[in-house]
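I opened the coordinates today and kept notes on what I looked up, in the order given below.

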Amino acid sequence: MTEIVPVSGPELVTYADELAALLVETVEGGSSVGFLAPLDRGAAAEWWRARAAAVEAGWLQAWIARDGERVAGTIGLVRAPLPNARHRAEVTKLMVRPSARGRGLGRELLAAAERAAAEDGVSLLVLDTESGSPAERLYRAAGWTECGSVPDYAAGPDGVLKPTTFYYKAVGRVAGAAVG
């Protein structure tokens, strides 16, 4: 049984090696999540450890999906830092182990981040993904709205520039509400 749990900064450090393995697997599998292949596992673990301060400061929320004692997936939610943007956040680093895909885990992780955002007063979520990737099916099925694509926006793990599609989803408060 898979359990999705939020992680604190110290817990993120504790899980850094497992999250690094997940990140390396994801990059090696061809998913564009901000890193180029080959990705060194030690560098990936250090990247995760460096996120702990953002979690403790409240700028980043992170969840892991545990399948027993193993990390099967993760997702992050980055809060916008400016006062006029307190109503929005960015969904980031949604990753599911290849061996755990096809069981709805990505959808569960996404739903957990959406619920937490709404409970925290966030009313608008945004994300981006490689155009044409399998992730687009997930976002569309989960009610996200495509708002455009940018050619050559980011390099895939192979270093080749690829287009990126941006999505948004209203959650929580009604659109047009005052930000306080």
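I started just past α5, where Gly 143 has a positive phi of about 90 degrees. I kept in mind that the model is a predicted one.

**The helix before that glycine.** I then went back into α5, residues 134-141, and checked which residues are buried: Glu 136, Leu 138 and Tyr 139. Looking down the axis of α5, I found these buried residues within an arc of 160 degrees, so they line one face of the helix. On the face turned away from the buried side I noted two exposed residues, Pro 134 and Arg 137.

What do the buried residues of α5 pack against? I listed β4 (88-96), α4 (105-119), β5 (124-130) and β7 (161-170). For the helix as a whole, I noted that α5 lies across β4, β5, β6 and β7, and that it runs at about 155 degrees to β5.

**The sheet.** I traced 7 strands in an open sheet with mixed pairing, in the order β1-β2-β3-β4-β5-β7-β6. The edges are β1 (2-7) and β6 (145-155); each has a single partner strand, so one side of each is left without a neighbour in the sheet. I recorded an average twist of 25 degrees from one strand to the next.

At the β1 edge I looked up the pairing with β2 (residues 60-67): the two strands run antiparallel and are joined by 6 bridges. Val 7 has Ala 62 in β2 as its bridge partner. I also looked at helix α3 (residues 41-57), which packs on the sheet and touches β1, β2, β3 (70-79) and β4. The direction of α3 makes about 125 degrees with that of β2.

**The cores.** Which residues touch the most other members of the largest nonpolar core? Out of its 25 residues, I wrote down Ile 75, Val 91, Leu 110, Leu 125, Tyr 139 and Trp 144. Two or more residues each come from β2, β3, β4, α4, β5 and α5. The largest share is that of α4, with 6 residues.

I followed one of these residues further. Leaving out residues up to four places away in sequence, Ile 75 touches Gln 61, Ala 62, Trp 63, Val 91, Thr 92, Lys 93, Leu 94, Leu 109, Leu 110 and Ala 113. I then found a second, separate core of 23 residues, with Val 5, Leu 19, Leu 23 and Trp 48 among them. As background, I noted that nonpolar side chains tend to be buried together in soluble globular proteins.

**Backbone oddities.** Where is the cis peptide bond? I found it from Ala 37 to Pro 38, with omega near -5 degrees. Pro 38 sits in the loop between α2 (16-28) and α3.

I closed with positive phi values outside glycine. Lys 93, in strand β4, has phi near 55 degrees. I checked its exposure as well: Lys 93 has 21% relative accessibility, and because buried means under 20%, Lys 93 counts as partly exposed. Lys 93 is also one of the residues that Ile 75 touches. Asp 152 is not a glycine either, and has a positive phi of about 50 degrees. I placed Asp 152 in strand β6, which stands at an edge of the sheet.

Conventions: Residues are numbered from 1 along each chain as its sequence is written. This is a predicted model: local features need pLDDT of at least 70, side-chain atom pairs count only at pLDDT 80 or more; totals for chains, interfaces and linings use all residues. Side-chain values use heavy atoms; hydrogens and water are left out. Buried means under 20% relative accessible area, exposed over 50%, partly exposed in between (1.4 Å probe, protein chains only). Helices (H or I, at least four residues) and strands (E, at least two) are DSSP runs, numbered from the N terminus. The arc is that of the directions from the helix axis to the C-beta atoms. Contact means heavy atoms within 4.5 Å. Two strands pair if DSSP finds at least two bridges between them. Axes are lines fitted to C-alpha atoms, for helices over the stretch in contact, and angles run from 0 to 180 degrees between N-to-C directions. A nonpolar core is a set of buried Ala, Val, Leu, Ile, Met, Phe, Trp, Tyr and Cys residues joined through side-chain atoms within 4.5 Å.
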